[in-house]
Amino acid sequence: LTPLRKASETLGKVLNKGDVVVYESTVYPGATEEVCIPVLEQVSGLKFNQDFFAGYSPERINPGDKVNTLTKIKKITSGSTPEIATLVDQVYASIITAGTHKATSIKVAEAAKMYENVQRDTLIALANEFSLYCGKERIDSFEVTRCASTKWNFASIYPGLVGGHCIGIDPYYLIERAKSKSLDLPLVSTARCINENETFIVIKKISDLIGDKDCSILILGASYKANISDIRNSKSIEIIKRLHDQGVTIMAFDPIIDTSLLSPEIESLFIKDQSELIQRYDIVIKLVNHSIFDKFNIR
């Protein structure tokens with residue numbers, strides 16, 4: 001929570017009487033009022049809900065999504081008093097065409113956002129686990145999912161790597177918060193373990209594919225999800241690094257990311273020019289399904 005505390009310190013230095021501070025960062029329920037507000041009070045010297053107020057409206061935008069943009073996604077809003085909750089809701093409603101949903105408290109709004117991310121992490125974990133089972137049955141888990149998706153209430157979630165700075169991280173906030181309340185969350189914890197282990201399952205599959213052969217491998221995609229440049233907590237980069245450390249002859253290509261943000265050792269493994277892709281590789285693995293790769297006609 002250090003970045004959030006630092007941001008609160010910065011705000012506290014310019015906070016004036018009557019101001020309303022609205023947080024959007026995904027946090028465990030209670031963090032805004034228990035962690036952020038005390039910092040604002042300490043730095044500003046002002047009294048919460050007397051001299052200044054607070055709101056919470058979790059960010060819901062999907063990075064890289066050009067369709068479901070900020071104004072098109074219903075916004076959860078909340079405030080530290082009923083009056084401030086109404087004010088915060090009105091401010092967001094003035095720009096959010098999809099509408100708003102006013103929660104009864106900041107804590108409820110925080111919990112709602114946490115539940116969104118934890119639910120998705122759990123569903124992906126189920127997809128990953130079921131994919132392993134399908135492999136044992138020698139059937140295509142993607143086809144199984146497409147078939148099951150013909151039922152109206154089936155959640156169409158496909159297996160995959162879970163990285164990034166939201167779904168792969170937020171459940172840990174909740175797990176630790178629950179522990180402070182003397183409660184374990186076994187399903188949430190298990191889902192995290194399954195999705196973290198997916199990295200090693202992919203590495204093992206690649207290693208088994210190589211066997212004792214001296215193969216050259218090309219990895220396509222290195223961001224944490226398709227069609228965006230964000231590499232934070234990218235499992236693809238972790239896979240590339242681990243395979244390289246194992247002595248595998250490996251190169252990678254991702255025209256969307258900024259490779260200068262990588263460590264020099266890992267950056268050296270990346271092809272910078274698309275023309276270099278004509279080089280022959282024994283194995284080509286698409287780890288991130290960027291749309292641009294559809295044009296490559298790789299066989």
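**Salt bridges, cores and surface of the predicted chain**

E116 has a relative accessibility of 26% and therefore counts as partly exposed, where buried means under 20% relative accessible area, exposed over 50%, and partly exposed in between (1.4 Å probe, protein chains only). The structure is a predicted model, in which local features need pLDDT of at least 70 and side-chain atom pairs count only at pLDDT 80 or more, whereas totals for chains, interfaces and linings use all residues. Residues are numbered from 1 along each chain as its sequence is written, and side-chain values use heavy atoms, with hydrogens and water left out.

The side chain of E116 meets that of K113 in a salt bridge with an N to O distance of 4.0 Å; a salt bridge is taken as a side-chain nitrogen of Lys or Arg within 4 Å of a carboxyl oxygen of Asp or Glu. K113 and E116 are separated by about one helical turn, because they stand 3 residues apart in helix α4. Helices (H or I, at least four residues) and strands (E, at least two) are DSSP runs, numbered from the N terminus. In contrast to its partner, K113 is buried, because its relative accessible area is 7%, while E116 is partly exposed. Helix α4 covers residues 106-137 and also holds S131. S131 has a relative accessibility of 19%, so this serine counts as buried. Beyond its neighbours within four places in sequence, S131 is in contact with S141 and P159, contact meaning heavy atoms within 4.5 Å.

Helix α8 contains further ion pairs. K235 and E238 form a salt bridge at 3.7 Å, N to O, and these two residues are about one helical turn from each other because they lie 3 residues apart in α8. K235 is buried, because its relative accessible area is 5%, whereas E238, at 24%, is partly exposed. In the same helix, the side chains of K241 and D245 meet in a salt bridge of 3.0 Å, N to O. The relative accessible area of K241 is 35%, and this lysine is therefore partly exposed; D245 is also partly exposed, with 47%. K241 and D245 are 4 residues apart in α8, about one turn of the helix. Salt bridges with shared partners join D121, R192, E196, K235, E238 and R242 into one network. The whole structure contains 14 salt bridges. Side chains of opposite charge can pair when their charged atoms come close.

The largest nonpolar core has 25 residues, of which I206, I217, I219 and F270 touch the most other members. Such a core is a set of buried Ala, Val, Leu, Ile, Met, Phe, Trp, Tyr and Cys residues joined through side-chain atoms within 4.5 Å. Two or more residues of this core come from each of α7 (186-210), β5 (216-220), α8 (235-245), β6 (249-253) and β7 (283-286). A second, separate core consists of 20 residues, among them L15, V21, A31 and I37. In the largest core, I219 touches I240, I250, M251, A252, F253, I285 and L287 when residues up to four places away in sequence are not counted. In soluble globular proteins, nonpolar side chains tend to be buried together.

Strands β5 and β7 pair in the parallel sense over 4 bridges, pairing being assigned if DSSP finds at least two bridges between two strands. Within this arrangement, L220 stands opposite K286 of β7. The covered face of β7 presents I283 and I285, and its uncovered face presents V284 and K286.

On the surface, V20, V22, L87 and V91 make a nonpolar patch of about 270 Å². β1 (20-23) and α3 (82-93) are the elements that give two or more residues to this patch. Patches are made of residues with over 30% relative accessible area and no salt bridge, with like charges joined within 9 Å and nonpolar side chains (Val, Leu, Ile, Met, Phe, Trp, Tyr) within 5 Å. Strand β1 is the place of V22, which counts as partly exposed because its relative accessibility is 33%.

For the chain overall, 9 helices and 7 strands are assigned. The C-alpha trace spans about 70 × 45 × 40 Å along its principal axes. Of the 299 residues, 42% are buried. Among contacts between residues at least 6 apart in sequence, 71% join residues at least 24 apart. The chain exposes about 16700 Å², 54% of which is supplied by carbon and sulfur atoms; accessible areas come from the Shrake-Rupley method with a 1.4 Å probe, and for residues only the protein chains shown count as cover.
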